[in-house]
Amino acid sequence: MLKFTLITCLPIVLVGTAAVSGGAWVCAALLYMTALVATMDRLIAGASANADPEAEFPASEALLVLLGVSHFALLALSMWGVAGPSGLSIPERVILGAAAGLVFGQISHPVAHELIHKRPRFMRWIGQWMYTTLLVGHHASAHVLVHHVYVGSDQDPNSAPRGETFYRYMMRVTRQSFRAGLAAETTRRQRAGKAYLLHPYLIYVGGGAATLGAIVAVFGLIGGLAFLSIALHAQIQILMSDYVQHYGLRRARGDDGRLAPVGPQHSWNAPDVFSSFLMVNAPRHSDHHIAPSRAYPALQLTPDNMPCLPYSLPVMGVLALVPKIWFRLMNPLCDKWQDAAVAEVSSGAMTAHLAQSEHAIDPSPSVQSEPDLTR
């Protein structure tokens with residue numbers, strides 16, 4: 001937990017200090033989120049050891065809450081530094097905005113992602129509002145109710161099929177994910193007899209509009225444009241994360257048309273140590289889909305049956321921007337794992353194994369007093 005704390009908190013401190021002081025702090029913040037992360041991943045060979053999968057790690061939730069609250073403070077500080085009377089030069093403001101966008105996309109996003117899976121209601125609210133202030137609040141519903149249920153199929157907008165470029169993926173996913181999450185959330189509320197005035201999408205849309213309006217009121221039109229740029233930068237990284245972690249991996253369908261259970265072969269993983277700590281173990285993605293409620297320090301990585309990316313998740317995100325390189329690197333790996341998945345499903349071994357796992361997510365949530373976003 002000490003490593004998680006130091007590696008995730010330091011860039012937040014750097015960006016906050018840069019917003020107030022400018023100068024070398026601005027470059028330090030950007031270099032931390034780019035060159036330092038890539039260098040440390042290269043210097044530290046191999047993955048960190050798997051923790052006890054049954055361990056609870058109570059301090060892990062405290063760190064999530066700390067990082068969640070810090071997100072809102074950092075957003076305000078960043079806007080003051082980029083668009084307020086901070087005294088920073090134009091180049092410093094641009095670099096600061098880029099560094100802040102990287103923190104929001106690579107730290108705030110995985111933190112919010114963890115929070116929306118937690119059972120305490122206040123933790124889910126923090127995660128929802130983190131996404132809402134980045135103008136992508138619908139992700140809190142679509143991720144849990146659509147992505148986790150239909151991952152690795154055409155029914156999940158966020159699972160990129162083999163051969164789709166990131167640019168085409170990016171242009172369609174936000175619209176499709178918004179609609180799919182809205183439909184799933186509405187269906188859930190209808191079954192629970194919920195009032196539409198409490199629909200989460202009213203918070204997502206209204207909260208995002210209120211955030212933008214407040215920033216324009218304080219920092220003017222330039223501040224609003226700067227905020228939209230930073231939020232878009234973070235959103236692109238959120239989309240890139242889903243694109244990279246599920247590209248080309250598909251679940252088989254049985255003779256009855258039902259999807260095979262979600263298994264370790266349906267997500268890409270990255271064993272790189274430093275970026276894994278930075279993103280609260282989000283690169284250990286297979287185990288998260290198998291056991292969504294597992295504490296992030298206890299997520300498992302077994303390269304023998306979990307597809308692993310050739311490079312760290314941030315580096316693969318950069319390579320995804322060059323389709324020719326991306327396809328040349330990833331398509332043969334997709335074929336390898338898809339062939340292995342088909343063989344396992346055909347033998348029945350994987351289905352039998354997964355039938356005993358704890359990963360199952362009910363696509364038809366039961367009626368309950370509050371939407372259970374931990375499932």
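Here are some questions and answers about this predicted model.

Q: What makes up the secondary structure of the protein chain?
A: The count comes to 13 helices and zero strands. Going along the sequence, you just read α thirteen times over, α-α-α-α-α-α-α-α-α-α-α-α-α.

Q: How do you know that α2 has a kink, and where is it centred?
A: The bend is the angle between axes fitted to the seven residues ending at a residue and the seven starting there. In α2 that gives a kink of about 50 degrees, centred on L31. The span of α2 can be set against a straight helix too: 20 residues would cover 28 Å at 1.5 Å a residue, yet α2 spans only 25 Å between its end C-alpha atoms.

Q: Why are V26, A29, Y32, M33, V37 and D41 of α2 called buried?
A: Buried means under 20% relative accessible area, so these six names belong to residues of α2 that fall below that cut-off. What covers them includes α1 (2-21), α4, α9 (273-278) and α11. Across the protein chain, 52% of the 375 residues count as buried.

Q: What makes the largest pocket a pocket and not a cavity?
A: A pocket is an open set of points, whereas a cavity is a set where a 1.4 Å probe fits but cannot get out. The largest pocket has a volume of about 490 Å³. Its lining has 29 residues, and Q106, Q237, M240, L313 and P314 lie nearest its centre.

Q: Which helices supply at least two residues each to the lining of the largest pocket?
A: They are α2 (24-43), α4 (90-115), α6 (139-150), α8 (200-246) and α11 (313-319). The largest share, eight residues, comes from α8.

Q: How do the residues lining the largest pocket divide into nonpolar, polar and charged?
A: There are 15 nonpolar, 13 polar and one charged. Asp, Glu, Lys and Arg count as charged, so the one charged residue in that lining must be of one of those kinds.

Q: How many cavities of 30 Å³ or more does the structure hold, and how much space lies in the largest?
A: There are four cavities of 30 Å³ or more, and about 70 Å³ of space lies in the largest cavity. The elements giving two or more residues to its lining are α7 (166-192) and α8.

Q: What lines the largest cavity?
A: Among the lining residues are V136, H138, N158, S177 and L239. The lining divides into four nonpolar, six polar and no charged residues.

Key. Residues numbered from 1 in each chain as written. Predicted model: local features only at pLDDT ≥ 70, side-chain atom pairs only at ≥ 80, totals over all residues. Heavy atoms only, no water. 1 Å grid on protein atoms, 1.4 Å probe; cavity = no way out; pocket = protein on both sides within 12 Å on 5 of 7 lines; lining within 4 Å. Points joined across faces, edges and corners; volume = space filled by probe spheres on them. Helix = DSSP H or I, 4+ residues; strand = E, 2+ residues; numbered from the N terminus. Expected span 1.5 Å × (residues − 1). Buried < 20%, exposed > 50% of the residue type's maximum accessible area, 1.4 Å probe, protein only. Contact = heavy atoms within 4.5 Å.
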